[in-house]
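Trainee: Please walk me through this model. I would like to learn how to read its strands, helices and pockets.

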Amino acid sequence: MQAAIALALRGRALSSPNPAVGCILVRDGRVIGRGWTLAGGRPHAEAMALDTAGEAAYGATAYVTLEPCAHQSQRGPACADLLIAAGVARVVIGTQDPDPRTNGEGIARLEAAGIAVQSGIAEAAARASLAGFITRQTQRRPFVTLKLATSLDGQIALADGSSQWITGPQARAHTHVERAHHDAILVGGGTMRADAPRLDVRLKGLEARSPRRVLLSRMGDAPTGWTAIASPHDIGSLEGCDWLMVEGGAETAAAFLAIDSVDRLLLYRAPVVIGRGKAALGDIGLEQLSDAHGRWQLEDTRLLGKDRVESYQRIR
């Protein structure tokens, strides 16, 4: 299952409007097929793995990160039906599909066909890999990562606005990898006016994975090639966006935190002290210190050259 989850990452931010799923077929202790959701959402991971395995799929075990879909589509058959037709003997599932068109129906259909089904394997990791899709299905908005690059004392720029560069090349490269895994990236008007950011992916071979650019603008206007939204509450209107990265600035970051729409904090910290400068965040509406505790859980931390990156998940 962990290998299937790793495969699924290949399709993340490319598979829209479908979730990025991974599938591995095993027979007699040997991997006979692998698949992940391809660009544009088709073929699905199960279809790709079955096509690779061919007739060897008969009697195999399928490990799939998300419950196989049960609904028909003009773009292709239901994956539950494909697995049944291939004659697999067992299906191991990471997590159930919250889409009401499938939600348990895929499992029921497999079991009705005599296929052994086991669900909830490595479920926390499977759900984390599908967090964008699950958040869209359950909360009608994308999963939001807030990225901040700061000094040790929490500043994002000097007092005059100079901010290039606080972090080093390794941390900036890591940011570009993160961008490649998101459907869209958002900044506020202040950042647009001060930096005119490109917000693309500048890593060789990944340039085509640059996310869509979104501007938070009270006036509702944006440059050509950008999408404008007037409020953080409007992120649910971003079609085909399950993964949204918010990059700045301080007021925009605070606005998302104030309405509790940040699901992950990605904090890059450089070993520098700035003193009087521009703080990373504005007012987030916190009234007492006790309200700040118990909200964030560290999921990963590592060194990137001289800088450190920390990833925190919102505890819900």
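Trainee: Which residue in β11 stands opposite L186?

Mentor: L186 faces V246 there. Strands here are DSSP runs of E with at least two residues, and helices are runs of H or I with at least four, both numbered from the N terminus. Two strands pair if DSSP finds at least two bridges between them. β8 (residues 184-188) and β11 (residues 243-248) run parallel and are joined by 4 bridges. Keep in mind that this is a predicted model: local features need pLDDT of at least 70, side-chain atom pairs need 80 or more, and totals for chains, interfaces and linings use all residues. Residues are numbered from 1 along each chain as its sequence is written, and side-chain values use heavy atoms, leaving out hydrogens and water.

Trainee: What is the strand order in the sheet that holds β8 and β11?

Mentor: The order is β10-β9-β8-β11-β6-β12-β15-β14. These 8 strands form an open sheet with mixed pairing. β10 (226-229) and β14 (296-304) are the edge strands, each pairing on one side only. On average, neighbouring strands are turned by 25° against each other, direction ignored. Axes are lines fitted to C-alpha atoms, for helices over the stretch in contact, and angles run from 0 to 180 degrees between N-to-C directions.

Trainee: Which strands stand at the edges of the sheet β2-β1-β3-β4-β5?

Mentor: β2 (30-36) and β5 (116-119) do. Each has a single partner strand, so one side of each is left without a neighbour in the sheet. This open sheet has 5 strands and mixed pairing. Its neighbouring strands are turned by 15° on average, direction ignored. Inside it, β3 and β4 (residues 90-95) are parallel over 5 bridges. V64 has I93 in β4 as its bridge partner.

Trainee: Which helices pack on that sheet?

Mentor: Take α2 (residues 45-53) and α4 (residues 105-112). α2 lies across β1 (22-27), β2 and β3, at about 140° to β2. α4 touches β4 and β5, and its direction makes about 150° with that of β5. Contact means heavy atoms within 4.5 Å.

Trainee: Is α6 mostly covered or mostly bare?

Mentor: Mostly covered: 7 of its 9 residues are buried (under 20% relative accessible area, with exposed over 50% and partly exposed in between; 1.4 Å probe, protein chains only). The buried residues are A131, G132, F133, I134, T135, R136 and Q137. They pack against β3 (61-66), α5, β6 and β11. R140 follows α6 and has a positive phi, near 60°.

Trainee: How do I read the pockets?

Mentor: Rolling a probe the size of a water molecule over the atoms shows where empty space is left. On a 1 Å grid over the protein atoms alone, a pocket is an open set of points where a 1.4 Å probe fits, with protein on both sides within 12 Å along at least five of seven lines; lining residues have an atom within 4 Å of a point. Points are joined across faces, edges and corners, and the volume is the space filled by probe spheres set on them.

Trainee: What volume does the largest pocket have, and which residues lie nearest its centre?

Mentor: Its volume is about 1,300 Å³. Of its 50 lining residues, T191, D195, E247, G248 and G249 lie nearest the centre. Helix α8 (residues 189-195) gives the largest share of the lining, 7 residues.
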